[in-house]
Amino acid sequence: MSNVNEVIAQFQEVVNQPGDHVKKYIAKTGNKAIGYFYYAPQELIHAAGMLPVGIWGGNIEPSSVRSYLPSFYCGILQTAFEMGMKGLYDCLDGMIIPNLCDSLRASSQNWKVAVPQVEFISLVPPVNRKTEAGVKFLLSEYENIKNTLERISGNKITDQALNNSIKVFNTYRQTMREFTKVARNYPDIITPSIRNAVIKSASFMDKVQYTALVEELIQGLKTLPVKDWDGKKVVVTGIKMDSPALLKILEENNVAVVADDLAQESRLFRSDILQTSANPLENLARYWSTMEGCSLLFDPEKKRCDMIIEDVKETGADGVLFCMTKFCDPEEFDYPIFKKRLDAANIPHVFIETDLETETDEQARTRIQAFTEMAAL
Amino acid sequence: MTDEKKASEMIKELMDKHYEDALEAKKKGELVGWAASNFPQELAECMDLALVYPENHAAAVSAKKASLPFLEYAEGQGYSTDICSYARINLAFKDIKECEALQIPMPDYLLCANNICDLMVKWYENLAVELNIPLFMLDIPYNTEPAVTPARLEYIKEQFRMIIKQLEDFTGKKFSEERFKEVMEISSASGRAWKRAMSTLMATPSPMNGFEMFTYMGILVCNKGRKETTVALNKLADELEERVKNGETSYKAEEKHRILSEGIACWPFLGHNMKTLMQYGINVVGAIYCDAFAKVYSNLDEMAIAYAEVPNCVNLEREVASRVKIIKDHNVEGMLIHSNRSCKKWDGFMYEMERRIAQETGIATAYFDGDQSDPRLFSKAQYETRIQSFYEVMEQKKAAAAAGEGTR
Ligand code: SF4
Ligand code: SF4
């Protein structure tokens, strides 16, 4: 147990001070770091000998950003820009902004001006991702990014290095899938905040080191007895659910997260990169065509909703928590369909809207309380 | 042979006919498609497929002040008020299926293109799922680079081939290269006629009240590949040129200030906005539509590029440049910006764009809050005060310029 606690403490330290952690890494290794939103080819950054850093905004009051983004932009972008403009990302040597929603589309252009010291790196992933033309197009996008990363790092990205990085990341993904399964058995130890801290840390840590630590945690957990859980079990869905206040509300109400469909969490490691071609860059591009279950992926059947229902069945969850990032239109479009499908499947669900972390979550508290009572019926 | 009808009547009749034809096609059991406004309609036109454009429909319904019940219905279904109001209206219509203000047939398939925004993809996903009909997706990638890259062009053209095949299989109709060439030519001719008409707004005074542009441009969305459209738009250009020659205008006030209208029109309050501007002698003599809606090309590559270079699909520098060009060519003194709650992409770098335009041209700028279709998000009082101070700034600038000239 003490070992488990120690490992958990390390993850908590990282998410509490992600910037410090990244800076320490840079100082220690002499490597550079590249930021990215959502689904960027982290493997390429890694293969260039740099640290990929997932950017999710943070706990900061938007002010300077007001001269760039409209007030009805999501908190992730508002706060990421604010932090960038305040110089908090100066430790990054580039920022990959993928064109996955209209807000990101416009933000890519603002970034060039608002945070000029962190080089904007363009990525426009294809919507028709399952067509050969789409794969080919993404390959050309990745080739550009590869060149840029080689220039920034001064390192050539060889096929061998990329193959190695793909292996590293596939191992990371497999380990994370195992972690989410094992964590289900220990809701008293892996509370919602801890679960989030463990998974989110991956955004700021070297993947080899990170994966080893998660592996240690899994092994540590497995030695512990599985206890009965008398609280509620939920599957959460959305872009992210890392508001400390909200996570605390879940804990206060004895709610365990048994699976997630969050862009910041499971969507990043649900599936592996397949080694179907001798060209690793093509394998990387093809990964985009095999991913499923995200509001940012072209999904004309809304498989995402079916996948959530499957998660509920598999985990025996009492219901689903839709954690809506305020002003996120891709998620807002999915919600009415999600609602219909879950209603049809008789699965209770609750809608929670989160905005800036600096705001209080009183409404969330009431809803979660009501939900746990309802789910008890 | 001279046509006695005025261009405005011709255009109105063509729009009415566009909707009637679609309803008629549906009645006859033909397949009807719903299409994104910037989907290359040439592809459907040359296969003689009836299309309806939900954005155009939503705009028309809003201009007739009939949007609110649809918006409220969508919200009842769980759609956030944050979502583009065109999408909300249309997603409500797909359930309600009746619209007294303007009826359209239900679709049998969908043609989506995301050049103007990515929200379009989500909107059409929902239509496809809920109506259980095929969705043919044309992905036109955003141009972060200064020009459409060869990789983008290749990807778009591959998809043209794919969609033609999908349409052939689905509708049983055949695509003919020859007919395609013809439609491309007609569309380009319509585009040239539109450009010619809009270039008359360079004259002082402008030959028309700029708000008329908003009612005319629908025809380019819905019908640019038809000969009748070319004829009507050429008629419009002729009329406007004639007015310029005679120093006449349909603007019913003295044109004291010439402005660029930035952003989608506030459809439910079009009349109010127009009257308010007229009170101050402010005329709209330019909008991004002047150039953007006129796609002129002579082969498939050029057509692909034309659709990839529409507003919202090009980078900040190009968006700035296209506006600066209109401002200079049309002798514009101010830019009135609709901070349109619906359109995240359009508003997304407006602040930076405004700063650059103001710096490059020195013109006055003003914002007002509103929404293209949601009447609850617009305040007449705010609009009126904003216009008043906008007017004052333009007056001051004019006076200062005149004084500057006097001392020279
Ligand atoms: S996907 Fe949603 S949360 Fe993410 S950047 Fe776009 S609007 Fe913001
Ligand atoms: S108004 Fe904006 S968001 Fe809505 S459909 Fe048009 S471009 Fe897209």
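**Note on the chain B and chain A interface and the ligand 2 site**

1. Across the interface of chain B and chain A, 28 residue pairs are found in polar contact, with both residues of each pair at pLDDT 80 or more; the model is a predicted one, and these values are computed from it.

2. The contact draws on 53 residues from chain B and 52 residues from chain A, and the area buried between the two chains comes to about 4,200 Å², with carbon and sulfur atoms giving 59% of that area. On the side of chain B, Lys122(B), Tyr155(B) and Lys344(B) supply 16% of the area that this chain buries against chain A, which is more than any other three residues.

3. Between chain B and chain A the count of salt bridges is seven. Lys344(B) forms a salt bridge with Asp329(A), and the closest N and O atoms of this pair are 3.3 Å apart.

4. Turning to the ligand, the space that ligand 2 takes is the largest pocket. The residues that surround ligand 2 include Cys84(B), Cys117(B), Met120(B), Trp123(B), Asn312(B), Ser342(B) and Gln372(B), and the shell as a whole divides into eight nonpolar residues, three polar residues and no charged ones.

Terms used. Residues numbered from 1 in each chain as written. Chains lettered and ligands numbered in written order. Predicted model: local features only at pLDDT ≥ 70, side-chain atom pairs only at ≥ 80, totals over all residues. Heavy atoms only, no water. Near = heavy atom within 4 Å. 1 Å grid on protein atoms, 1.4 Å probe; cavity = no way out; pocket = protein on both sides within 12 Å on 5 of 7 lines; lining within 4 Å. Sits in = over half its atoms within 2 Å of the grid points. Nonpolar A, V, L, I, M, F, W, Y, C, P; charged D, E, K, R; others polar. Contact = heavy atoms within 4.5 Å. Buried area = accessible area lost by both parts, 1.4 Å probe. Salt bridge = Lys/Arg side-chain N within 4 Å of Asp/Glu carboxyl O. Polar contact = N/O pair within 3.5 Å; in protein donor to acceptor, adjacent residues only side chain to side chain.
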